[in-house]
Amino acid sequence: MDEVVVTATRVATPLTDLLADVSIIDRAQLEQAGMQSLIDVLANLPGVQVSSNGSYRSNSGVFLRGATSSQTILLINGVRVGSATSGGYSLENLPLDRIERVEVLRGAAAALYGPDAVGGVIQVFTREPQEGLRRSASVGAGTDGQRKLGASLQGQTGDWGYSLGATHERAKGINVKLPGASGFNPDTDGFKFSSLDASLRYRVNAQHAVSAQVLFSDGEYDFDGAPLPNPLRLNAATARAVAHPRLQQQVLKWTADWTADWTSTLTYGRSRDVSVNRYWRIADGAPAGASRFNTTRTQLVWQNDIRWGRDTLSLIAEQREDEVDSTTLYTVSARTVRGLAASYAMRGQDWDGLATVRHDRNSQFGSFNTWALSAGYKLSPSLRLVGSMGTTFQAPSFNQLYFPGFGNPELTPQKGRAHEVGLRYQQGPTRASAVLYRNRVEGFITPSTNVQSDLAVLEGVTLTWDQSWDATALSVSYDYADPRLKPSNDRVVRVARHVLRTQVSHRQGPWQSFAELRLSSDREDTLWPGRVRLPGYGVLNVGATYHIRPNLSLQARLNNLTDKTYSLANGFTTPGRNLFVSLNWND
């Protein structure tokens with residue numbers, strides 16, 4: 001059966017019919033990841049690069065086609081989450097055990113999803129009710145004090161479906177900073193994370209269904225830093241600094257099939273992104289200060305999908321409200337965005353098309369319009385030509401506007417125009433694609449410096465090849481990315497020009513083995529008042545799973561096999577060679 005994708009058009013669409021550039025991370029890939037974070041898994045996808053501030057589960061960022069984290073939207077179960085102060089989100093907080101699948105849409109998507117979708121959209125779907133009764137449990141341990149414990153229950157009884165799961169992870173970790181780096185503290189920076197999620201679904205009748213989903217993720221990790229203000233006059237070497245990220249989300253959904261060709265979905269979501277830092281004096285444990293940057297976000301979305309034959313008209317109305325609660329005083333601490341959108345998907349024998357228009361009103365920056373056009377043509381039964389163009393809009397975050405000593409209330413919204421063209425080939429077990437893209441963003445704001453350039457040109461090429469031979473599967477991708485700021489022609493920081501990824505897996509009886517290789521060229525980062533070059537690197541991960549019984553398996557994963565030392569952000573290290581072994585049971 002064709003794999004179905006939701007994120008590309010906001011309507012369930014077979015993967016083979018998509019016009020957009022999309023990758024899917026399914027449950028099997030997530031189970032193979034061991035104790036890695038979602039940010040590590042995303043790093044293996046084409047068109048995606050990541051940055052990391054050191055140890056396991058440290059603060060991280062993602063770049064889609066050179067666009068920053070604040071220029072990419074994160075959805076969980078169809079509802080947008082993240083921080084209104086930083087403009088980003090904490091992917092490292094999401095437990096892989098509790099994720100059913102991930103869809104990554106590369107390319108400008110503001111017409112479909114609203115402001116900030118400059119580089120694309122990442123959508124996470126948590127575990128859902130299943131037919132019958134399914135139970136699972138896992139326990140694992142590894143180097144650097146890694147520990148993991150998880151359990152879940154999924155099922156369906158009559159018209160009721162349910163899912164419940166919990167995960168706890170922790171590690172002693174490593175030192176997040178390189179010796180000699182600014183703010184270096186020669187300690188070990190560990191972490192611990194716990195999560196709980198639940199889903200309940202009720203089929204009222206053949207036409208109506210309601211569901212409720214909740215997700216709680218509570219974390220803690222050490223980092224090197226000092227408080228501000230600093231009454232005890234500490235520095236990174238004399239202070240213990242601990243971050244307490246937390247994510248809480250509740251989603252209510254009502255789906256109605258009014259006719260055979262008209263489906264309506266009403267979704268209400270509320271999320272709370274909590275970021276609290278606490279500090280103590282190492283010598284005697286005296287409290288040295290705390291800071292918080294919390295965002296409460298509520299969203300209401302009403303979507304109507306009307307089908308005419310193979311075509312679909314989607315009408316969308318949504319409202320999002322962000323409220324900031326912080327120890328830092330912001331001139332403005334709330335924002336409302338209301339949007340109306342219409343998209344029409346055309347599906348013909350040889351031609352396919354998608355047209356989208358959208359109008360949004362931002363309570364701070366007024367009204368703006370975005371649009372997108374996509375088309376595909378079958379050159380042959382196995383070869384397809386696709387292309388798209390569209391516009392984007394992104395308002396500055398609260399930090400960019402108002403943070404003391406950093407913000408600039410004179411910043412203006414970033415406006416973009418994106419184009420891409422690609423070829424896709426599929427014949428039996430062979431898939432290949434080539435995509436050429438260019439995204440011009442006027443008034444680009446560099447996150448690390450808050451400097452607004454006249455223009456940023458995010459352009460590049462992505463090549464992919466997927467092949468399977470019975471029990472063996474191979475996936476290869478190459479990215480050339482050269483995002484530049486104008487008129488200086490400086491590179492966008494933390495983005496490598498060349499990245500090559502290779503993944504191979506093989507099944508033999510009860511064994512399944514795999515290997516992942518990522519080769520990256522150098523990148524630049526900020527080093528006030530100039531820049532620094534971060535050398536290129538190569539990382540090899542290997543692993544194997546042995547099925548002791550059909551419902552019991554033992555998995556071992558060895559990351560960074562060659563113990564390569566490299567950095568994805570100036571001054572910060574990354575984990576060296578590390579092993580994680582887990583025992584997994586399900587019925």
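This section describes the nonpolar cores, the cavities and three residue environments of a predicted model.

The largest nonpolar core comprises 31 residues. Within this core, Leu38, Leu42, Val62, Leu91, Leu94 and Ile122 touch the most other members. Two or more core residues come from each of helix H2 (38-42), strand E4 (48-52), strand E5 (60-64), strand E6 (72-76), strand E8 (99-106), strand E9 (120-126) and strand E32 (537-549). Helix H2 provides the largest share of this core, 4 residues. Leu91 illustrates the packing. Beyond residues up to four places away in sequence, Leu91 touches Leu38, Ile39, Leu42, Val62, Leu74 and Ile122. Apart from this core lies another, of 14 residues. Val22, Ile73, Ala109 and Tyr113 are among the members of that 14-residue core. In soluble globular proteins, nonpolar side chains tend to be buried together.

The structure also encloses 12 cavities of 30 Å³ or more. The largest cavity holds about 440 Å³ of space. Its lining is made up of 33 residues, with Gln36, Asp40, Tyr56, Tyr566 and Pro575 lying nearest the centre. At least two lining residues are supplied by each of H2, E4, strand E29 (511-520), E32, strand E33 (552-559) and strand E34 (578-586). Strand E4 gives the most, with 3 residues. By class, the lining of the largest cavity divides into 11 nonpolar, 16 polar and 6 charged residues. Helix H2 and strands E4 and E32 thus appear in the lining of this cavity and also contribute to the largest nonpolar core.

The second largest cavity has a volume of about 300 Å³. Its lining counts 24 residues, and Ala20, Ala108, Ala372, Ser374 and Ser388 lie nearest the centre of this cavity. Strand E8, helix H3 (110-113), strand E20 (351-362), strand E21 (366-378), strand E22 (383-394) and strand E23 (414-427) each supply at least two residues of this lining. The lining of the second largest cavity has 14 nonpolar, 7 polar and 3 charged residues.

Three individual positions were then examined. Gln319 is found in strand E18 (residues 311-326). Its relative accessible area is 28%, so Gln319 counts as partly exposed, the buried class being under 20%. The side chain of Gln319 makes a polar contact with the side chain of Glu321, at 2.9 Å. Leaving out residues up to four places away in sequence, Gln319 touches Thr298, Gln299, Leu300, Thr336, Val337 and Arg338. Trp302 lies 17 residues from Gln319 along the chain, and the C-alpha atoms of the two are separated by 9.3 Å.

Asn93 occupies the loop between strand E7 (79-81) and E8. Asn93 is buried, because its relative accessible area is 4%. Neighbours within four places in sequence aside, Asn93 is in contact with Phe193, Ser217, Pro245 and Arg246.

Ser521 sits in the loop between E29 and strand E30 (523-527). With a relative accessibility of 18%, Ser521 counts as buried, since the cut-off for that class is under 20%. A polar atom of the Ser521 side chain lies 3.4 Å from the backbone nitrogen of Arg497. Residues up to four places away in sequence not counted, Ser521 touches Ala496, Arg497, His498 and Gly536. Arg497 is therefore both a contact residue of Ser521 and the source of the backbone nitrogen facing its side chain at 3.4 Å, within the 3.5 Å limit for a polar contact.

Notes
Residues numbered from 1 in each chain as written. Predicted model: local features only at pLDDT ≥ 70, side-chain atom pairs only at ≥ 80, totals over all residues. Heavy atoms only, no water. Core = buried A, V, L, I, M, F, W, Y, C linked by side-chain atoms within 4.5 Å. Buried < 20%, exposed > 50% of the residue type's maximum accessible area, 1.4 Å probe, protein only. Contact = heavy atoms within 4.5 Å. Polar contact = N/O pair within 3.5 Å; in protein donor to acceptor, adjacent residues only side chain to side chain. 1 Å grid on protein atoms, 1.4 Å probe; cavity = no way out; pocket = protein on both sides within 12 Å on 5 of 7 lines; lining within 4 Å. Points joined across faces, edges and corners; volume = space filled by probe spheres on them. Nonpolar A, V, L, I, M, F, W, Y, C, P; charged D, E, K, R; others polar.
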